[in-house]
Amino acid sequence: MRLIAKFAEMKTQGEKIATMTAYDAPQARAQAAAGVDAILVGDSVGVNILGYASEREVTLADMAHHTAAVRRGAPDTFIYADLPFATYDTPEQAVASGLALQKAGANAVKFEGPHVEIVHALTSAGVPVCGHIGYEPQTGERRVHGKTFEEAERLREEAKQLDAAGVFMLVLELVPAELAGIVTKEIKAATIGIGAGPATDGQVLVFPDVLGYTEKNFRHNKRFAEVGAAMQTASAAYVAEVKSGAFPTLSNCAAMPADVLEQLCKKAG
């Protein structure tokens with residue numbers, strides 16, 4: 001619980017929470033070295049790494065596999081992992097799924113929607129919960145949510161209900177900045193924004209988006225590097241050097257001792 005309590009302390013003290021997605025050990029290692037506060041093993045692994053058409057194709061086995069990899073890369077960092085689509089339809093199923101991700105190395109789990117009964121079931125089983133409202137990638141429409149009074153009030157109420165149920169953190173995705181600020185002030189849980197403005201308690205971004213790994217960019221994202229372009233450049237240079245014979249050279253391989261080579265040549269000759 002000490003790990004969970006630190007996020008409430010950061011909220012109280014006004015210290016921003018930095019979190020990103022990671023899907024493998026090298027990504028997690030880099031983020032841990034950078035001092036990230038928490039790593040999300042997101043079901044976005046499906047479209048960003050596994051080549052799936054949507055998050056809905058991600059399985060519990062996928063999430064456990066990648067959670068374990070991230071834990072190996074960041075053994076001392078707080079990790080929360082997404083419960084994938086159709087793995088928390090009932091409280092019993094949610095608990096089984098949550099315990100599986102805990103076993104794989106997650107400190108907590110995240111799921112989408114205002115399912116208070118699922119929060120109660122998971123926390124009662126010893127699985128801390130991060131909520132997620134606004135745009136819900138598993139089932140929702142990709143747009144800004146909460147621009148009308150009715151929708152804003154619904155999201156505001158959902159946030160309060162999840163907070164009362166015991167989530168320690170709440171992701172607000174693609175909601176107006178003003179609404180995110182109101183919700184942040186009204187609930188005890190730390191709010192984590194993605195496309196929700198600067199007033200939330202922290203931020204989360206998808207690591208491939210941060211790296212410029214993917215061709216498409218989003219308004220809510222900032223590309224801090226252009227790794228995708230570097231990958232293409234490096235790949236093209238490699239192919240060209242293999243084709244031309246420029247790579248490898250003798251400096252890229254081991255040489256046989258002269259006496260052994262002499263014996264070998266005599267044997268062959």
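Helix 4 passes helix 5 in a right-handed crossing, and helix 5 in turn passes helix 6 in a right-handed crossing. This is a predicted model, so please read everything below in that light. Beyond these helix pairs, the briefing looks at two nonpolar cores, the larger of which has 42 residues, and at Thr200, a buried loop residue.

**Helix 4 with helix 5**

- Helix 4 covers residues 60-73 and helix 5 covers residues 91-104; their axes come within 8 Å and cross at roughly 30°.
- Because angles under 35 degrees count as roughly parallel, helix 4 is roughly parallel to helix 5.
- On the helix 4 side, the contact is made by Leu60, Met63, Ala64, Thr67, Ala68 and Arg71.
- Helix 5 answers with Ser97, Ala100, Leu101 and Ala104.
- Sorted by class, the residues of this contact are 7 nonpolar, 2 polar and 1 charged.

**Helix 5 with helix 6**

- Helix 6 spans residues 116-124, and it packs with helix 5 at an angle of about 45°, with the axes 9 Å apart.
- That angle makes helix 5 oblique to helix 6.
- Pro91, Ala94, Val95 and Gly98 of helix 5 meet Glu117, Ile118, Ala121 and Leu122 of helix 6.
- Here the classes come out as 6 nonpolar, 1 polar and 1 charged.

**The nonpolar cores**

- In soluble globular proteins, nonpolar side chains tend to be buried together.
- Within the largest nonpolar core, of 42 residues, those with the most contacts are Ile39, Phe111, Leu122, Leu170 and Leu172.
- Helix 7 (residues 149-165) gives this core its largest share, 5 residues.
- A second, separate core has 21 residues, among them Ile4, Ile17, Phe78 and Ile194.
- Leu170, one of the best-connected members of the largest core, touches Cys130, Gly131, His132, Ile133, Ala159, Leu162, Val183, Ile187, Ala190, Thr191 and Ile192, leaving aside residues up to four places away in sequence.

**Thr200, a buried loop residue**

- You will find Thr200 in the loop between strand 7 (190-194) and strand 8 (202-205).
- Thr200 counts as buried because its relative accessibility is 0%.
- Thr200 and Thr184 are 16 residues apart along the chain, yet their C-alpha atoms are separated by 5.8 Å.
- Apart from residues up to four places away in sequence, Thr200 touches Lys16, Leu172, Ala180, Thr184, Thr191, Ile192 and Gly193.
- Among these partners is Leu172, which is also listed with the residues that have the most contacts inside the largest core.

Notes
Residues are numbered from 1 along each chain as its sequence is written. This is a predicted model: local features need pLDDT of at least 70, side-chain atom pairs count only at pLDDT 80 or more; totals for chains, interfaces and linings use all residues. Side-chain values use heavy atoms; hydrogens and water are left out. A nonpolar core is a set of buried Ala, Val, Leu, Ile, Met, Phe, Trp, Tyr and Cys residues joined through side-chain atoms within 4.5 Å. Buried means under 20% relative accessible area, exposed over 50%, partly exposed in between (1.4 Å probe, protein chains only). Helices (H or I, at least four residues) and strands (E, at least two) are DSSP runs, numbered from the N terminus. Contact means heavy atoms within 4.5 Å. Axes are lines fitted to C-alpha atoms, for helices over the stretch in contact, and angles run from 0 to 180 degrees between N-to-C directions. Angles under 35 degrees count as roughly parallel, over 145 as roughly antiparallel, 65 to 115 as roughly perpendicular and the rest as oblique. A crossing is left-handed if the near helix is turned anticlockwise from the far one by less than a right angle, and right-handed if clockwise. Ala, Val, Leu, Ile, Met, Phe, Trp, Tyr, Cys and Pro count as nonpolar, Asp, Glu, Lys and Arg as charged, and the others, Gly among them, as polar.
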